[in-house]
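Biologist: I'm new to this one. Could you walk me through how to read it?

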Amino acid sequence: MAARVLVVDDEVEMGNFFRFFLEGKGYEVEVAENGRQARKALQNYYHLVMLDLKLPDTDGLTLLREVKGRHPRSEVLIMTGYSTVKSAVEAIQVGAYDYLEKPFDDLDALEAIIDRALNRALARGETFEDDTLAQRKKVMEKIGFVAGRSEKMQRLLTIAEKLATKNITILIRGETGTGKEVLARYIHAVSNRADQPFLAINCGAFTENLLESELFGHEKGAFTGATSMHRGIFELAHRGTLFLDEIGEASLAIQVKLLRVLETGEIFRVGGEKPIRVDTRVIAATNAPLEKLVAEKRFREDLFYRLDVVTLTLPPLRERKEDICLLAEHFLSSYFEPDQVPRLSSEVVEALERYNWPGNIRELANVMAQVAAICDGKTILPEHLPAKITKKQREEEQAAAAPGADADEVRAQDDPTPAPDQRWKEEAAAVLAAFIREVDVKGGFDLPAFIDDLKRVTSDAVRQLIRKALEESGWRYPQAAEWLQTTPRVLRYLYKEKN
């Protein structure tokens, strides 16, 4: 049976092109120039509908929903211009197979994506779903990415895979610890840049001058200490992917330079006079409300819109509780031999799923590191968990036993959860303990370098903490010093020293 294709596009030339192109491959082709003609044609079934998002008498997304409602087994390819890429991504969320950007410069790529969509429709999706899941699992295992089974994450991965093949900037949003960098690595791994470098940099971990040098490089003699030419991360990631974490922390001066790269594909090294062309795909990430930063004039509006072409938002762990145990088992397995990984008791499973995980996946990984350090049996029991995890369950049990008791009264009687300024110590200690267990001291370990690295990490943390207090106080040192329980003089000294 010949595949049946409906082309919906108000450009007559485009309809004629596709009729000639697809009939030459043996397909039955119908062309509609507007929504009215398309709705009439859709009284019949088509294996593939090629739909332009901009039609004279209807919205393309509305028509897409009608297609999927009437013929759910039909595959839909969205045709769009660059300015409507965001709508095209929304179309994939609604159920479109993929989207094509006009003009169609690469006919081989066009033919390939049409063939894949038609093959999937003709096979009713079963074989291709299995192949897609198998391929996804293979890539994830390679980069150590455990996404879980939740519908939210699976839908997000499907969209990410479609976007990976497009040469567009992606903005990843999500709370701290949700796995933004891991998602960026996955996008790189399934893109056509997978065999090229993936490099990451945290924009909040450097001073302005140092970040500029790290991003764009510098020429010899550009500043004191520049004894040789240094290639920046944009150059090093040429033809690959650059992940800009915490993009909201970049200064306004750096933002101007980032905007230029995104618009022109050119960089200037610090102290350089000649532009350098780079083909670097940018994936940016933030847990900050960029819209608010734009309103406060702390983030450039033009850069925001340039980054916000396509946004992927990672759900917090509390919204995908069905993945918690799978992730917990994955983290545990890294601390034990394959046949010695302890199982999670039902009480532990319940406690883990009740907890809200403000630190998300990163917090879960740290908790499992603590558990692995103290569990010497075959089963993880509630007593192996930090007190903060079992607190909620105890409160509910106490409330059930004494229904007349006030909830605050119950919490006051038993509140072992450490305060934030104590909790970081536990989590940091767990991370260091996990690292030390893996160190092969007999094979040689550079202790002085380890000490230097600890000092540098601590220094960066102090700088970020001071900056956060200053920003939230409107850069009023007395207020920030009061919050940080020190004096304005000490705060000025520390902030100047760290910068």
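**The cavity and the sheet**

Modeller: Sure. Keep in mind that this is a predicted model. Let's begin inside: the largest cavity has a volume of about 40 Å³.

Biologist: How many cavities of 30 Å³ or more does the structure hold?

Modeller: Just one.

Biologist: Which residues line the largest cavity?

Modeller: With a cavity, you look at the residues that have an atom within 4 Å of one of its points. Here those are Phe234, Leu244, Ile247, Leu258, Leu262, Val282, Leu303 and Leu307. Helix H11 (252-264) and helix H13 (301-307) each supply at least two of the lining residues.

Biologist: How does that lining divide into nonpolar, polar and charged residues?

Modeller: Eight are nonpolar, with no polar and no charged residues.

Biologist: Now the sheet. What is the order of its strands?

Modeller: For a sheet, you ask who sits beside whom. This open sheet of five strands reads S2-S1-S3-S4-S5, with parallel pairing. Strand S2 (28-32) and strand S5 (98-101) are the edges, each pairing on one side only. On average, neighbouring strands are turned by 20 degrees against each other, ignoring direction.

Biologist: How many bridges join S4 and S5?

Modeller: Strand S4 (residues 75-80) pairs with S5 in the parallel sense over four bridges. As an example, threonine 80 has glutamate 101 in S5 as its bridge partner.

Biologist: And which strands does helix H3 touch?

Modeller: Helix H3 (residues 60-70) packs on the sheet against strand S1 (4-8), strand S3 (48-52) and S4, and its direction makes about 165 degrees with that of S3. Helix H5 (residues 107-122) lies across S1, S3, S4 and S5, at about 155 degrees to S4.

Key. Residues numbered from 1 in each chain as written. Predicted model: local features only at pLDDT ≥ 70, side-chain atom pairs only at ≥ 80, totals over all residues. Heavy atoms only, no water. 1 Å grid on protein atoms, 1.4 Å probe; cavity = no way out; pocket = protein on both sides within 12 Å on 5 of 7 lines; lining within 4 Å. Points joined across faces, edges and corners; volume = space filled by probe spheres on them. Nonpolar A, V, L, I, M, F, W, Y, C, P; charged D, E, K, R; others polar. Pairing = 2+ DSSP bridges. Axes fitted to C-alpha atoms, helices over the stretch in contact; angles between N-to-C directions. Contact = heavy atoms within 4.5 Å.
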